[in-house]
Amino acid sequence: MEVTAAPFSSIVPSRQNLSSSSFSIFASSPTSLFLSRKNPGNANLKYKSPRSISVRASSTSDSVVTLLDYGAGNVRSIRNALRHLGFSIKDVQTPGDILNADRLIFPGVGAFSPAMDVLNKTGMAEALCKYIENDRPFLGICLGLQLLFESSEENGPVKGLGVIPGIVGRFDSSADIRVPHIGWNALQVRKDSEILDDVGSHHVYFVHSYRAIPSNENKEWISSTCNYGESFISSIRRGNVHAVQFHPEKSGEVGLSVLRRFLDPKSQHRQKPMEGKASKLAKRVIACLDVRTNDKGDLVVTKGDQYDVREQSNENEVRNLGKPVDLARQYYKDGADEISFLNITGFRDFPLGDLPMIQVLRYTSENVFVPLTVGGGIRDFTDASGRYYSSLEVAAEYFRSGADKISIGSDAVYAAEEFIKSGVKTGKSSLEQISRVYGNQAVVVSIDPRRVFVNHPDDVPYKVIRLTNPGPNGEEYAWYQCTVSGGREGRPIGAYELAKAVEELGAGEILLNCIDCDGQGKGFDIDLVKLISDSVGIPVIASSGAGIPEHFSEVFEKTNASAGLAAGIFHRKEVPIQSVKEHLLEKGIEVRI
Ligand code: 1PR
C-alpha cells in the first residue's frame, strides 16, 4: 500500500526554480562557515518549529519508509528500488514528518547550495539535525551524505548541516583523474557498518564531482573509503545513522542489499564483512539500444550498418531487433553496467510527443537498477499549436521518467559551433542549461563523426591525426567530421574541436560513436578514441564497431576510454555481456562482476 501524501517536492520550488535568482546562494565568509549543530540555519520557518514537535513513539507499519524528496531531480530510481523491496513510501511534507519517521531516507540530488537553501527555509535542516542527534535510523545518499558535513566548496563555501566535521571539496582533476567520478568503484570497508556486509568484492556505482576527505576529526564516522586519485569518504556510520556517497539504487543487486540491510536490519543474516577484491574504478561495459518507430508504428530496437537501419531487401523495412523494455531488462540481468536508449529519430520527432519513449523509461526503471541514459531530440521545440518547450523541459521529463543521464547529439554540435565562432558562453544552449540545473554528471554529449581522409595535415582547419592504417588511396591522415540528424548532415567542425568545446560548455561525459565503424564488427576506431580520450578530462565512452570481446580489451589497453559500448553483438546474441567481462578480467582489466 502506498501512503498517498503529496511529496515535499510538490510544496517547494522545483529544481529549475531553485536555480533562479529568487533563491540566493549562501556566500558566507570563511569565518562564519561552520554551523552549530544546535542552530542549523537561520531558517525562515514556514512550519511549526520542530523544537515544539515531540517525537512520537513508532506506530507506523514496518513496511513504510519515509523519504525526504526536496524536489531537486530524479528520485524515481530510489522510489522504484524501495517498492521493489516491498516497502511503501511516505513523503515528507513537514519537519514533523522527519521527526516522526521510523526510518528516513534522504536521497540528495542536485547541487549543495540550493539543497541547503530549501532545507533551511522550510525548517527541514533543524528537524534533520535533531533526528540524527536522536540516533534515529537514517540513510543519506550521495548529496545526502555531503550535506551532513560542515560546508561545501560547491558554488561556495556553503554551510552544511554541520553534523560531521569536514569540508566537501571538488576532486582535483590535475591529479590525473577524470572528473566527474562516474562509474563502478570499490570500497575499503573500515569498520563494521552492517549495511555494507554484502558489498565485499563488488563494485558500487558513483557519480559525483565533490567529495569529503577523511581526517582525524571525522574518523569516528567513517565506515568506508574509496580511492579515486585520493582516498575519500564513501560511507559513514554512527549508531543508526548511515550515509553513502555511492548510489545503492543504481548499484544492481549489491546496491539493493545495502538498502535491504538498512530497511530491515533485524531480518538480515549478520555476516562478517568480506574482504573486497575490487580495488579501483572499473571499466564499464554499456549496452546501447537504438530505438525508433518502425513502419507499422511499433517502437522497436533497431540497429544500423554505418547508421542505415533498413533491411537490404525489397521491403526496405526498419530492422527490428526486439522490444526496448524487454531487452533492457535482459541486459541488466546479463551484467550490463549501464543502459543507453537513443531515440534515433528524435531529431525530427518531438520527444515529448513520443510518449512511448517516456513509457519505456518508466517501465525499465521499475526493475533495472543500473544507470539509464536517454538521448535523441533534446532541444528547444515549438509544437504545431505554437506551444514552446525548452530543452530543459524535455530533459526534466526524461529525468522524471527514470533517466539518470540525458545525451545530446545535434544540438550540442550547433552549440559548440557557436561557442567556437564567438568565444562566448551564452548559457542558453540546451547543454549549458541542463548541465547547470542537473549538474554536468547528468549530461552526455553523443558525437557522430565520419572519417575524412586527407593527404596532408594542413589540408583542413581541423585536428588531423596520422592514421595507423592508411586510407584507400594511401592517405596517411584523417580528420573526423561531426554530423547531425543521425549522420545525415556533415558539419564544419571536427570531433576533437567538438569534444573540447562541449567539455567547456558543461558536458560530463562523451559518447564517442564512429559512423564508419558502426555495425561493422571490426573493432573500435582506436585512433579516434585515443585522440578524444587524451584530449578531454571527462570520461569518454568508446562506441561503434565491437565484434568480439578482444575489441574491448584493445580499446581499454590502447586508449584512455572509461567505457566500451556495443549494440549489434548483444542484440544478435553473438557475444554475451558476461563473455566480454570474463575476457577483460583475464586480461587484468578491472570490471564489475
Ligand atoms: O541528434 O540529439 O537527436 O540525438 C540522436 C542520437 O541518436 C545520437 O546519439 C545519435 O548517435 C543517435 N543516432 C541517430 N541516428 C542513428 C542511426 O544509427 N541511424 N544511432 C543513431 C547511433 C550509434 C551507436 C551504436 C553504436 C554501437 N547509433 O549508438 O549503438 O555505433 O553499434 P555497434 O556495436 O553495433 O557497432 P540527437
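These notes go through a predicted model, from the whole chain down to single residues.

1. Overall make-up. The chain has 593 residues, of which 60% are buried, and its secondary structure amounts to 17 helices and 29 strands. Among contacts with a separation of 6 or more, 73% join residues that are 24 or more positions apart. The exposed surface comes to about 23100 Å², with carbon and sulfur atoms supplying 47% of that area.

2. The largest nonpolar core. In soluble globular proteins, nonpolar side chains tend to be buried together. Here the largest nonpolar core contains 170 residues, and those with the most contacts inside it are Ile-105, Ile-339, Phe-341 and Phe-552. Helix α5 (residues 124-133) gives the largest share of this core, namely seven residues. Domain 1 (62-263) and domain 2 (283-305 + 319-587) each contribute at least three residues to this core.

3. Ile-105 and the second core. Once neighbours within four places in sequence are set aside, the contacts of Ile-105 include Val-65, Leu-67 and Leu-68, as well as Ile-78, Leu-139 and Phe-262. Apart from the largest core there is a second, separate one of nine residues, which includes Cys-288, Leu-342, Ile-541 and Leu-565.

4. Aromatic pairs. How many aromatic pairs does a search of the whole structure find? The search finds ten. In one of them, the ring centres of Phe-171 and Phe-232 are 5.3 Å apart and the planes stand at 85°, so this pair is edge-to-face. Because Phe-171 belongs to the loop between β7 (164-170) and β8 (181-185), while Phe-232 belongs to strand β13 (residues 231-238), the pair ties together parts that are 61 residues apart in sequence. Both Phe-171 and Phe-232 are buried.

5. A further partner for Phe-232. Phe-206 and Phe-232 also make an edge-to-face aromatic pair, with 5.7 Å from centre to centre and 80° between the planes. Since Phe-206 lies in strand β10 (residues 204-208) and Phe-232 in strand β13, this pair links parts that are 26 residues apart in sequence. Phe-206 counts as buried because its relative accessibility is 0%, and Phe-232 is likewise buried, with a relative accessible area of 0%. Phe-171, Phe-206 and Phe-232 belong to one aromatic cluster together with Tyr-228 and Phe-246.

6. Charges over rings. The charged end of Arg-387 sits over the ring of Tyr-389, at 4.2 Å from the ring centre. In another such arrangement, the charged end of Lys-463 sits over the ring of Tyr-496, and here the distance from the ring centre is 5.1 Å.

7. Helix α4. This helix (residues 112-122) is mostly covered, as ten of its eleven residues are buried. The buried residues of α4 include nonpolar ones such as Phe-112, Met-116, Val-118 and Leu-119, and they also include Ser-113, Asp-117, Asn-120 and Thr-122. Just after α4 comes Gly-123, which takes a positive phi of about 80°.

8. Phe-149. Is Phe-149, in strand β5 (residues 149-152), buried or exposed? With a relative accessible area of 0%, Phe-149 is buried. Phe-149 and Gly-166 are separated by 17 residues in sequence, yet their C-alpha atoms are 5.7 Å apart in space. Leaving aside neighbours within four places in sequence, Phe-149 is in contact with Gly-166 and with several other residues, among them Leu-161, Ile-164, Val-168, Ala-212, Asn-218 and Ile-233.

Technical notes:
Residues numbered from 1 in each chain as written. Predicted model: local features only at pLDDT ≥ 70, side-chain atom pairs only at ≥ 80, totals over all residues. Heavy atoms only, no water. Phe/Tyr/Trp six-rings, centres within 6.5 Å; stacked < 30°, edge-to-face > 60°. Helix = DSSP H or I, 4+ residues; strand = E, 2+ residues; numbered from the N terminus. Buried < 20%, exposed > 50% of the residue type's maximum accessible area, 1.4 Å probe, protein only. Lys NZ or Arg CZ within 6 Å of the ring centre and 35° of its normal. Core = buried A, V, L, I, M, F, W, Y, C linked by side-chain atoms within 4.5 Å. Domains from an automatic or database assignment. Contact = heavy atoms within 4.5 Å. Areas by Shrake-Rupley, 256 points an atom, 1.4 Å probe, with all protein chains shown as cover.
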